[in-house]
Amino acid sequence: QVQLVESGGGLVQPGGSLRLSCAASGSIFSIYEMGWYRQSPGKQRELVATMTVSGRTNYTDSVKGRFTISRDNAKNTVYLQMDGLKPEDTAVYYCNVEYLTSPIRPARYSWGQGTQVTVSS
């Protein structure tokens, strides 16, 4: 079992910045992909950004140029630097990791508890 602890959400004015963090702990042999998703009221959860262990990134179009995902593999931690925040970025942000508990077992996935990001003046 892998636990994910998220932090960094809050209230920010339009144009402001926030940095989210997500630390994974538990029975981890290796982590392949780490990422962030978000969900607004009445909408489906959507991908925001992901990053593989080799550093390959993927962003949803609406955040390209404003958000930056990074990770510290030694600490099993992923970050999301959010700049130029807009009201439409308001959502609960969830961390997600794809990991192995051993080299012979299939990959598993774990979700964080979510952290609220509110962009409002």
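# Close-up views of a predicted model

**View 1. Glu98, a buried acidic residue without a salt bridge.** Glu98 is buried (under 20% relative accessible area; exposed is over 50%, partly exposed lies in between, with a 1.4 Å probe and protein chains only). Even so, Glu98 has no salt bridge (a side-chain nitrogen of Lys or Arg within 4 Å of a carboxyl oxygen of Asp or Glu). The nearest side chain of opposite charge is Arg56, 8.3 Å away. Here Lys and Arg count as positive and Asp and Glu as negative, while His and the chain ends are not counted. Glu98 does have a polar partner: its side chain and that of Tyr109 are joined by a polar contact of 3.3 Å. Such a contact is a pair of N or O atoms within 3.5 Å; within protein, one must be able to donate a hydrogen and the other to accept it, and residues adjacent in sequence count only if both atoms are side-chain atoms. Glu98 sits in strand β9.

The model is predicted: local features need pLDDT of at least 70, side-chain atom pairs count only at pLDDT 80 or more, and totals for chains, interfaces and linings use all residues. Residues are numbered from 1 along each chain as its sequence is written, and side-chain values use heavy atoms, with hydrogens and water left out.

**View 2. Strand β9 and its partners.** Strands (E, at least two residues) and helices (H or I, at least four) are DSSP runs, numbered from the N terminus. Eight of the ten residues of β9 are buried, so the strand is largely enclosed by the rest of the structure. Two strands pair if DSSP finds at least two bridges between them. β4 and β9 run antiparallel and are joined by nine bridges. In this pairing, Ile31 stands opposite Tyr99 of β9. Strand β10 (residues 108–111) is joined to β9 by four bridges, again antiparallel. Here Asn96 faces Trp111 in β10 as its opposite residue. Three bridges link β9 to strand β11 (residues 115–119), and these two also run antiparallel. Val92 has Gln116 in β11 as its bridge partner.

**View 3. The disulfide between Cys22 and Cys95.** A disulfide is a covalent bond between the sulfur atoms of two cysteines. In this model it is counted when the two sulfur atoms lie within 2.5 Å. The structure holds one disulfide. Cys22 and Cys95 form it, with an S to S distance of 2.1 Å. Cys22 lies in strand β3 (residues 18–26) and Cys95 in strand β9 (residues 91–100), so the pair ties together parts that are 73 residues apart in sequence. The torsion about the S-S bond is about -80°, so this disulfide is left-handed. Are the two cysteines buried or exposed? Both Cys22 and Cys95 are buried.

**View 4. A four-stranded open sheet.** The strand order is β1-β3-β8-β7, and the pairing is antiparallel. β1 (2–7) and β7 (67–72) stand at the edges with a single partner strand each, so one side of each has no neighbour in the sheet. Neighbouring strands are turned by 15° against each other on average, direction ignored. That angle is taken between N-to-C directions, on a scale from 0 to 180 degrees, with axes as lines fitted to C-alpha atoms (for helices, over the stretch in contact). In a regular strand the side chains alternate between the two faces of the sheet.

**View 5. Opposite residues in the open sheet.** Six bridges join β1 to β3. Gln3 stands opposite Ser25 of β3. β3 is joined to β8 by six bridges as well. In that pairing Arg19 stands opposite Gln81 of β8. β7 pairs with strand β8 (residues 77–82), also over six bridges. There Asp72 stands opposite Thr77 in β8.

**View 6. Arg38 and its acidic partners.** Side chains of opposite charge can pair when their charged atoms come close. The whole structure has four salt bridges. Arg38 forms one with Glu46, the closest N and O atoms being 2.7 Å apart. Arg38 forms another with Asp89, at 3.0 Å between the closest N and O atoms. Arg38 lies in strand β4 (residues 30–39) and Asp89 in the loop between β8 and β9, so this pair ties together parts that are 51 residues apart in sequence. Arg38 is buried at 5% relative accessibility. Asp89 is buried at 1%. Glu46 is partly exposed, with a relative accessible area of 33%. Which residues do shared partners join into one network? They are Arg38, Glu46, Arg66 and Asp89.
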